[in-house]
Amino acid sequence: MKGEDKVHVLRLAAIETALPPILVDRRTMRVIDGIHRLMAASLKGHKVIDVEFFDGSREEAFLKAVEANVEHGLPLSQADRTAAALRILKSHPTMSDRAIAKSTGLGARAVAELRRSSDSVPHSNFRVGRDGKVRPLNGAKGRLRVAELIRENPQASLRQVARTAGVSPATALDVRRRLERGEEPVPSQGGTASAETETPRDPMPVPNASMMGPPSTATLEKLMRDPSLRQSELGRRLLRMFKENVLGAKEMTDICASVPSHCLEMIIQLSRANSQIWEDFAQELNRRARIVNPE
């Protein structure tokens, strides 16, 4: 990954308020997260700095460093995220594609393709998801179990069915829709689809998703690097709001599938109200943009 950013160190050194503690590997005393904060403290002549210690293996420390950087550090380049994902695949081959995607900032499909195309990634017959559950790669058995549960109790919530069958809510949703269309619960391509990577053929729509319109990853990364936003409390709040929208959009299918039926109408209303807030915000910015640049 790229080295230290001297400009960022100077920006941090200019901040008067206390910075978050750095994260240090207790075993090696190596900085896992916060090297720029450490350099900024040294530049200001500080002799001590707040530290949180991490206990774990070298590869676990690397995973923690990547997650911390994606969460609040300087944005990693596409090449850095890909290299990090490949290293995590090698050290944690049972970690699900979605879990690695969340840790590195890549898409789950990109991680899956990286897993398939690399000969150096150890083979595993199961995956451990973000929820800590172990799922076999052959999802046929789980899908058949979902179909059985739905036929026994059509009114059961998808979350309950998914938990009982040991599959993701997205898989349970896909099976239910297949049954509604009169199709078999297991896809016809050999019946060995991965329970971890499969997604519904017809995902549940998000109310007014086009109006919510979270910014692209590239646009968000550019904004995250802008010092005028990063060094302002309101600017940082705005960036956090956009970041939450981007992360939430990636998980929207699972979230939709997990909403209890008795909450649907209330959440639909709230979602539409929120989308209108963002639309009004965009309109206000658009009016300001026309004043600043009439052309």
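Which residues line the largest cavity? In this predicted model, a search of the whole structure finds 1 cavity of 30 Å³ or more, and about 40 Å³ of space lies in the largest cavity. Its lining is made up of Ile-150, Asn-153, Pro-154, Ala-156, Leu-158, Val-161 and Arg-176. Sorted by class, these lining residues comprise 5 nonpolar, 1 polar and 1 charged.

Two residues of that lining, Ile-150 and Arg-176, lead on to a pair of helices, since Ile-150 is listed on the helix 7 side of a contact and Arg-176 on the helix 9 side. Helix 7 covers residues 140-152 and helix 9 covers residues 169-180, and the two pack at an angle of about 60 degrees, with their axes 9 Å apart. Where helix 7 passes helix 9, the crossing is right-handed. From helix 7, the residues that take part in the contact are Arg-143, Val-146, Ala-147, Ile-150 and Arg-151, and these meet Thr-171, Ala-172, Asp-174, Val-175, Arg-176, Arg-178 and Leu-179 of helix 9. Taken by class, this contact between helix 7 and helix 9 holds 6 nonpolar, 1 polar and 5 charged residues.

The next part to look at is the sheet. Here 3 strands form an open sheet in the order 2-1-3, and the pairing is mixed. Strand 2 (31-33) and strand 3 (51-54) stand at the edges, and because each has a single partner strand, one side of each is left without a neighbour in the sheet. On average, and with direction ignored, neighbouring strands of this sheet are turned by 40 degrees against each other.

Within the sheet, strand 1 (residues 22-25) is joined to strand 2 by 2 bridges, and these two strands run antiparallel. One residue pair can be named for this pairing, in which Val-24 has Val-31 in strand 2 as its bridge partner. A helix also belongs to this picture: helix 2 (residues 35-43) packs on the sheet, where it touches strand 1 and strand 2, and the direction of helix 2 makes about 115 degrees with that of strand 2. Strand 2 therefore stands at an edge of the sheet with a single partner strand, while also being touched by helix 2.

How values were computed. Residues are numbered from 1 along each chain as its sequence is written. This is a predicted model: local features need pLDDT of at least 70, side-chain atom pairs count only at pLDDT 80 or more; totals for chains, interfaces and linings use all residues. Side-chain values use heavy atoms; hydrogens and water are left out. Axes are lines fitted to C-alpha atoms, for helices over the stretch in contact, and angles run from 0 to 180 degrees between N-to-C directions. Helices (H or I, at least four residues) and strands (E, at least two) are DSSP runs, numbered from the N terminus. A crossing is left-handed if the near helix is turned anticlockwise from the far one by less than a right angle, and right-handed if clockwise. Contact means heavy atoms within 4.5 Å. Ala, Val, Leu, Ile, Met, Phe, Trp, Tyr, Cys and Pro count as nonpolar, Asp, Glu, Lys and Arg as charged, and the others, Gly among them, as polar. On a 1 Å grid over the protein atoms alone, a cavity is a set of points where a 1.4 Å probe fits but cannot get out, and a pocket is an open set with protein on both sides within 12 Å along at least five of seven lines; lining residues have an atom within 4 Å of a point. Grid points are joined across faces, edges and corners, and a volume is the space filled by probe spheres set on the points. Two strands pair if DSSP finds at least two bridges between them.
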